[in-house]
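Q: Hi! Could you walk me through this one while I have it open?
A: Happy to, let's take a look together.

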Amino acid sequence: MQATDHQEIREAVRRLCADYPGDYWRDLDNDMRYPTEFVAALTESGFLSALIPEQYGGSGLGLSAAAAILEEIQHAGCNGGACHAQMYVMGTVLRHGSEEQKQHWLPQIAAGKIRMQAFGVTEPTSGTDTTSLRTFARRDGDHYVVSGQKIWTSRAEHSDLMLLLCRTTPKEQTAKRTDGLTVLLVDMREALGNGMEIRPIRTMMNHSTTEIFFDGLRVPVANRIGEEGKGFRYILSGMNAERILIAAECVGDSKWFIEKATAYAKERVVFGRPIGQNQGIQFPIAKAYAQMRAAELMVREALRRYEAGENPGAEANMAKMLGADASFEAANVCVQTHGGFGFAQEYDVERKFRETRLYQVAPISTNLILAFLAEHVLGLPRSY
Ligand SMILES: Cc1cc2nc3c(=O)[nH]c(=O)nc-3n(C[C@H](O)[C@H](O)[C@H](O)COP(=O)(O)OP(=O)(O)OC[C@H]3O[C@@H](n4cnc5c(N)ncnc54)[C@H](O)[C@@H]3O)c2cc1C
């Protein structure tokens with residue numbers, strides 16, 4: 001058994017998830033409500049502070065433990081999208097925050113008193129082209145004054161802290177386009193109504209995403225993470241972890257779809273025999289299984305390298321792409337296997353189908369992963 005298996009953690013997560021069955025998620029989905037009870041249970045059990053070092057009140061586990069937790073959440077039919085950001089946003093604060101900041105924030109997060117679930121990078125005009133973002137933080141004494149707009153800032157209404165990437169030097173005045181970006185930790189409890197406004201965006205799945213408007217929001221300089229102007233590097237340093245964790249979620253989704261499809265194929269009888277006796281039903285499920293296993297292997301390889309202190313940029317990206325492809329393929333097969341019932345809410349298949357579709361686009365789209373591989377692994381000319 002590999003160290004990355006974390007069987008005890010997996011079993012504990014499964015037990016917790018059993019209290020949040022399909023009808024819990026269905027009701028939330030119908031009303032577009034946040035899974036407050038589920039997130040509270042995960043927090044109380046310490047799963048969301050798995051990556052916080054013990055000296056700050058967390059369990060000090062490695063990324064493979066976080067991956068196991070998120071995979072099992074998805075595998076159980078739940079939705080980790082409501083709370084996964086804390087796990088990967090944490091790394092930026094851990095690696096680049098000051099000792100004072102860590103001592104101030106991390107124990108509160110570990111104790112479940114506050115949440116750090118919001119990550120403000122994407123903007124409506126710049127999109128994937130992060131270095132073109134326009135939200136600007138102007139220095140004014142011991143504060144920054146922030147103006148601009150973010151979009152798709154998920155969980156903002158359910159988070160106390162937001163990691164915000166903004167410009168502190170206009171792009172035209174920097175030597176490199178990746179310079180002049182700065183990370184601020186925004187205390188959203190103070191910011192709301194004082195220069196920050198949040199507007200929810202309804203999406204095809206229940207994701208609590210929002211757009212955020214900043215108009216003269218004052219953020220103490222003490223809340224800057226690391227040095228001014230180096231924020232892009234800090235965010236980038238967390239990307240491998242983010243990709244690996246999302247890939248693990250996709251593997252969990254794939255397993256849920258494959259098990260659901262297999263069970264239904266065995267039990268549904270048409271023309272006097274189970275539909276699963278037909279190769280036309282069996283083969284797509286078997287293929288989805290093989291794709292899931294391949295993605296799972298790549299997740300493990302990315303985790304192995306990550307935990308050995310290497311920079312698994314290629315593996316993390318490939319894991320994310322293979323995982324997202326595997327989960328969407330498994331989702332499609334699951335709908336097809338269920339025939340008309342795949343579209344009925346009470347089977348949860350259509351909900352999970354909508355939820356897993358996101359991972360082809362966010363947090364990074366498939367095209368951008370292919371562009372990364374083309375440029376950084378294959379040495380082809382940069383396309384953008
Ligand atoms: C539900 C949801 C939640 C999200 N949560 C967050 C969050 O919490 N925080 C946050 O900061 N962001 C978040 N995002 C934003 C997400 O990361 C972006 O949507 C994603 O990175 C794509 O950016 P975009 O939507 O601006 O697409 P665009 O950049 O406009 O791209 C549109 C399409 O064009 C393709 N494309 C663009 N440039 C190229 C190129 N050079 N070559 C080939 N193809 C290209 C893209 O792959 C994409 O398919 C979320 C998005 C969604 C939908």
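**Around the ligand**

Q: How many residues surround the ligand, and which are the closest?
A: This is a predicted model, and in it 23 residues surround the ligand. The closest are Val-121, Gly-127, Thr-128, Trp-152 and Ser-365.

Q: Which elements give two or more residues to that shell?
A: Those are strand 1 (118-120) and helix 13 (366-377). Helix 13 has the largest share, with three residues.

Q: And how do the shell residues divide into nonpolar, polar and charged?
A: Eleven are nonpolar and twelve are polar, with no charged residues in the shell around the ligand.

Q: Switching to the core: which residues have the most contacts inside the largest nonpolar one?
A: That core has 111 residues, and the ones with the most contacts are Ala-66, Ala-67, Ile-244, Leu-245, Ala-295, Val-299 and Ala-319. Helix 9 (residues 239-267) gives the most to this core, 14 residues.

Q: What does Leu-245 touch, leaving out residues up to four places away in sequence?
A: Leu-245 touches Ala-66, Ala-67, Leu-70, His-84, Met-87 and Tyr-88.

Q: Now helix 12 (residues 349-357). Which residues are buried there?
A: Val-349, Arg-351, Lys-352, Phe-353, Glu-355 and Thr-356 are. The buried residues of helix 12 pack against helix 2 (22-31), helix 9 and helix 11 (313-338).

Q: Last one: what should helix 10 span, and how far apart are its end C-alpha atoms?
A: Helix 10 (residues 279-307) has 29 residues, so at 1.5 Å a residue it should span 42 Å. Its end C-alpha atoms are 41 Å apart, which agrees. Just after helix 10, Gly-309 takes a positive phi of about 85°.

Terms used:
Residues are numbered from 1 along each chain as its sequence is written. This is a predicted model: local features need pLDDT of at least 70, side-chain atom pairs count only at pLDDT 80 or more; totals for chains, interfaces and linings use all residues. A residue is near a molecule or strand if its C-beta atom, placed from the backbone, lies within 6 Å of it. Helices (H or I, at least four residues) and strands (E, at least two) are DSSP runs, numbered from the N terminus. Ala, Val, Leu, Ile, Met, Phe, Trp, Tyr, Cys and Pro count as nonpolar, Asp, Glu, Lys and Arg as charged, and the others, Gly among them, as polar. The expected span of a helix is 1.5 Å times one less than its number of residues. A nonpolar core is a set of buried Ala, Val, Leu, Ile, Met, Phe, Trp, Tyr and Cys residues joined through C-beta atoms within 7 Å. A residue is buried if 20 or more other C-beta atoms lie within 10 Å of its own, exposed if 12 or fewer, and partly exposed in between; C-beta atoms are placed from the backbone. Two residues are in contact if their C-beta atoms, placed from the backbone, lie within 7 Å.
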